[in-house]
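Student: Please take me through one part of this model closely. I would like to look at the sheet, what packs on it, and the buried polar spots beside it.

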Amino acid sequence: METIFKEEELQKDEIVDYYQIWQMELVTKKPKGMPFLGYGLMLKSGYDIYPDDYELVYSGNISNQLMPEIENRTDAQILDRLFYIFNLEHPVNYRGRSMSVSDIVVLNRKGIKKAYYVDNIGFRDVTNKFL
């Protein structure tokens, strides 16, 4: 269903619309942030988003295969669809855990990158903190 790209290929101009799933690396290093906390509670607890805590676990092309009429969809609609896919319909070659609170989804649409924190309910724009 999804096309997988190497990270360096995502920088090429011919690949315009893509998404990335970033998750905190919990096995080989101790993160500075706190995994699995909602955004508000994370900040109240004295933590923040530390990009170095995260590793890229999956990337794919944003296309009509992902969602019909994708070009007319909002970021929120695409994020909701990705949440569904990465919880209930994992791609065959996906090796990360199910998408969860504290994960980051990066959307590149028409060359504009935005980063979203998976919150308790919905997503929070954290572009200024993550990218």
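Tutor: Start with a term. A polar contact is a pair of N or O atoms within 3.5 Å; within protein, one of them must be able to donate a hydrogen and the other to accept it. Keep in mind that this is a predicted model.

Now apply the term to arginine 109. This residue lies in strand β3. Its side chain makes a polar contact of 2.8 Å with the side chain of aspartate 75. The arginine 109 side chain also reaches the backbone oxygen of arginine 73, at 2.9 Å. Is arginine 109 buried or exposed? Its relative accessibility is 18%, so arginine 109 counts as buried; the cut-off for buried is under 20%. Leaving aside neighbours within four places in sequence, arginine 109 is in contact with Val16, Asp17, Ile62, Ile70, Glu71, Arg73, Thr74, Asp75 and Ile78.

Asp17 is on that list, so turn to it next. Aspartate 17 sits in the segment before β1. With 18% relative accessibility, aspartate 17 counts as buried. Its side chain reaches the backbone nitrogen of lysine 110 at 2.6 Å. Residues up to four places away in sequence not counted, aspartate 17 touches Asn61, Ile62, Asn108, Arg109 and Lys110.

Next, the sheet itself. Five strands form it, and it is open. The order is β2-β1-β3-β4-β5, with antiparallel pairing. Why do β2 and β5 each have one side without a neighbour in the sheet? β2 (54–61) and β5 (123–125) stand at the edges with a single partner strand each, so one side of each is left free of a neighbour there. On average, neighbouring strands are turned by 25 degrees against each other, direction ignored. Look at one pair in detail. β1 and β2 run antiparallel and are joined by seven bridges. Glutamine 23 has glutamate 55, in β2, as its bridge partner.

A helix packs on this sheet. α2 lies across β1, β2, β3, β4 and β5. α2 runs at about 130 degrees to β3.

Now the nonpolar side of the story. In soluble globular proteins, nonpolar side chains tend to be buried together. Here the largest nonpolar core has 18 residues. Tyr19, Ile21, Leu82, Phe86, Val105 and Leu107 touch the most other members. β1 (18–24), α2 (75–88), β3 (104–109) and β4 (112–118) each supply at least two residues of this core. The largest share, five residues, comes from α2. Take phenylalanine 86 as one example. Neighbours within four places in sequence aside, phenylalanine 86 is in contact with Tyr19, Ile21, Tyr58, Pro91, Tyr94, Ser98 and Met99. Another core, of 13 residues, lies apart from the largest one. Among its members are Trp22, Tyr39, Val106 and Phe130.

One last spot is glycine 38. Glycine 38 is in the loop between β1 and α1 (39–44). At 5% relative accessibility, glycine 38 counts as buried. Glycine 38 and asparagine 120 are 82 residues apart in sequence. Their C-alpha atoms are 5.2 Å apart in space. Which residues does glycine 38 contact, leaving aside its neighbours within four places in sequence? They are Val101, Tyr117, Asp119 and Asn120.

Methods
Residues numbered from 1 in each chain as written. Predicted model: local features only at pLDDT ≥ 70, side-chain atom pairs only at ≥ 80, totals over all residues. Heavy atoms only, no water. Core = buried A, V, L, I, M, F, W, Y, C linked by side-chain atoms within 4.5 Å. Buried < 20%, exposed > 50% of the residue type's maximum accessible area, 1.4 Å probe, protein only. Helix = DSSP H or I, 4+ residues; strand = E, 2+ residues; numbered from the N terminus. Contact = heavy atoms within 4.5 Å. Pairing = 2+ DSSP bridges. Axes fitted to C-alpha atoms, helices over the stretch in contact; angles between N-to-C directions.
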